[in-house]
Amino acid sequence: MLDHPHATPEAPTLDERALATALAQRHFIGGRFVPPVAGASFAVINPATGQEIARAAEGDAADVDVAVQNAAAAQKSWARMPARKRGALVAQCAGLIRAHVEELARLIALETGKALRTESRVEANTVADVLEFFGGLGSELKGESVPFAPDVLSVTVREPLGVVGAIIPWNVPLLLMALKIAPALVAGNTVVVKSAEEAPLTVLRICELMNRILPPGCFNMLSGYGPECGAPLVAHKLVRKVTFTGSVEVGRIVARAAADKLIPVTLELGGKSPMLVFADCDFEKTVTGAVTSMRFTRQGQSCTAASRIYVERPIFARFVEALAARVDAMVMGDPLDEATDIGTIISPEQFAKVAAFIAEGKATAGASGRACSRLPAEAGLKKGLFIQPHIFTGLPNSSRLVQQEIFGPVTCVFPFDDAEAVLAEANDSEYGLAASLWTNNLKQGLSLAHRLEAGLVQINQNLVVQANLSYGGVKSSGLGKEASLEAMLEHFTHKKTIMVNYA
Ligand code: ADP
């Protein structure tokens, strides 16, 4: 936008506050920053201090229409560009993102409270990896030849769907956005992203950066609230596909709206991921695996967080002690400080929700909740949304803490005696996103892996999203896969059949 008082910097910047100001009150549509049609805005708050860092554009149906019209106009020529060239442009964006990793990491730490070293920098780097991976897949958009009849050539070709609407959450906004936009673009679609209310700035900067390379209108970014801005995006008649990551509740709303238009939808929803630890595991490696899997570095705000840990009884007590000791040693503090392991919860609403779960767990007869690590002492962080991670034991399976997704730094640990019984307990959940097994008995491990109800099961490791491993849940955890070649082909193209009778 030409009349905005603060231009965004051309070169990478480490002044995240000035960058936030420069990104304020604008969408990115048709290759440029534009103000919201109605001129409304909402506050973006630094959860580590409670201070406002910028006001973001509050989009509504009018902004959605401008963005979608731009995306639709750009899509025709984008789709006609050779697929490898589209891929090359997306891969070129990866280089630009890499040059801005520190900048993006600092900005995402500022707006979400995610610790720079353990979370934010890792996420910014992964965006570049994802763009590079999908950027190389342009020539994989292949069809087939189909035997039909003599003198008839039948082939299928992969065609883009058109304009894709992508709705993203605040917990890992850069990565989750990249997993949507990269395959969509390489496949020849154009995209309108609706960012999460809590984290609209860093994705907007990424959109600006990528628009230095992509043709205008291919990648557009709106900020705003779900019902006012997300819902009209799903409902817009020119949006031919919706890809969504967020809560089960909103996922259902989005799926219903998509069903009304008969368009395909990909949903990545919640999780209550179990971790099964057998007495014959490599103990130290498994404790490390649990510490990473619980995602306490992100205050547990992860749909794949190991929130139910089942430990075979002979090592149960030792395991709980080792786990608590490791979490105690983690430093909670200023997300922008390199020494910090654990940052903040995203918002006061999430904070209250998580605190209520913890209070309920502590009040449960027979349960014990151990608070780990320490709240930061700095005066400047007193209003920060820091919660001590809690490790609960003794909770009944019926507890809300065991059944519901908390999305906070809380894990429930249980002893078990029997592999079949623990498998049944692990599967007794409405969710089915991820699971892990820790054992040196691979025969048992593989047998259980096949029977665990989850989209991703890992044995003796806990890497989560890796390019080219399909990622996505079963049951209420979602519909469809992301992150892989098949995800691009199945979710961002349709197969057209062309027949030539040359008799
Ligand atoms: P979370 O609990 O992680 O914030 P939500 O499901 O509430 O997850 O939000 C995820 C994304 O969905 C956000 O970008 C939010 O604005 C958007 N959203 C919320 N409600 C709707 C809706 N009715 N239609 C479309 N998008 C929505």
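1. In this predicted model, Asp129 and Arg98 form a salt bridge, with their closest N and O atoms 3.1 Å apart. Because Asp129 belongs to helix 5 and Arg98 to helix 3 (residues 83–99), the pair ties together parts that are 31 residues apart in sequence. Asp129 counts as partly exposed, at 39% relative accessibility. Arg98 is likewise partly exposed, with a relative accessible area of 33%. As general background, side chains of opposite charge can pair when their charged atoms come close.

2. A second pair worth inspecting is that of Arg205 and Glu103, whose side chains meet in a salt bridge of 2.5 Å, N to O. Arg205 lies in helix 7 (residues 201–210) and Glu103 in helix 4, so this bridge ties together parts that are 102 residues apart in sequence. Arg205 is buried, since its relative accessibility is 0% and the limit for buried is under 20%. Glu103 is buried as well, with a relative accessible area of 2%. Glu103 and Arg205 also belong to a network of salt bridges that links them with Glu208 and Arg212.

3. Helix 4 takes part in a further salt bridge. Arg106 pairs with Glu16, and the closest N and O atoms are 2.7 Å apart. Arg106 is in helix 4 and Glu16 in helix 1 (residues 16–22), so that distant parts of the chain, 90 residues apart, are linked. Is Glu16 buried or exposed? At 6% relative accessibility, Glu16 counts as buried. The structure as a whole holds 24 salt bridges.

4. The division into domains should be considered next. Domain 1 comprises residues 19–269 + 478–497, and domain 2 comprises residues 274–466. The contact between them takes 28 residues from domain 1 and 31 residues from domain 2. Taken over C-alpha atoms, the centres of the two domains are separated by 30 Å. About 2300 Å² of area is buried between domain 1 and domain 2, and carbon and sulfur atoms give 57% of this area.

5. How many salt bridges does the rule find across the interface of domain 1 and domain 2? It finds three. In addition, 12 residue pairs are in polar contact between the two domains. On the side of domain 1 that touches domain 2, the elements giving two or more residues are helix 4 (101–112), helix 5 (116–135) and helix 9 (248–261). The residues on this side divide into 12 nonpolar, six polar and 10 charged. Elsewhere in the list of charged pairs, the side chains of Arg121 and Glu338 meet in a salt bridge of 2.6 Å, N to O.

6. Helix 10 (residues 283–293) has several buried residues: Phe283, Thr286, Val287, Gly289, Ala290, Val291 and Ser293. An α-helix has 3.6 residues a turn, so residues three or four places apart point the same way. The buried residues of helix 10 pack against strand 11 (273–277), strand 12 (306–312), helix 11 (313–328) and strand 17 (434–438). Just after helix 10, Arg295 takes a positive phi of about 55°.

7. The final point concerns Ala279, which is placed in the loop between strand 11 and helix 10. Ala279 counts as partly exposed, at 30% relative accessibility. Its neighbours within four places in sequence left aside, Ala279 is in contact with Glu312, Pro314 and Ile315. Ala279 and Ile315 are 36 residues apart in sequence, while their C-alpha atoms are 5.8 Å apart in space.

Terms used: Residues are numbered from 1 along each chain as its sequence is written. This is a predicted model: local features need pLDDT of at least 70, side-chain atom pairs count only at pLDDT 80 or more; totals for chains, interfaces and linings use all residues. Side-chain values use heavy atoms; hydrogens and water are left out. Domain bounds come from an automatic or database domain assignment. Contact means heavy atoms within 4.5 Å. Buried area is the accessible area (1.4 Å probe) that two parts lose on being put together, summed over both. A salt bridge is a side-chain nitrogen of Lys or Arg within 4 Å of a carboxyl oxygen of Asp or Glu. A polar contact is a pair of N or O atoms within 3.5 Å; within protein, one must be able to donate a hydrogen and the other to accept it, and residues adjacent in sequence count only if both atoms are side-chain atoms. Helices (H or I, at least four residues) and strands (E, at least two) are DSSP runs, numbered from the N terminus. Ala, Val, Leu, Ile, Met, Phe, Trp, Tyr, Cys and Pro count as nonpolar, Asp, Glu, Lys and Arg as charged, and the others, Gly among them, as polar. Buried means under 20% relative accessible area, exposed over 50%, partly exposed in between (1.4 Å probe, protein chains only).
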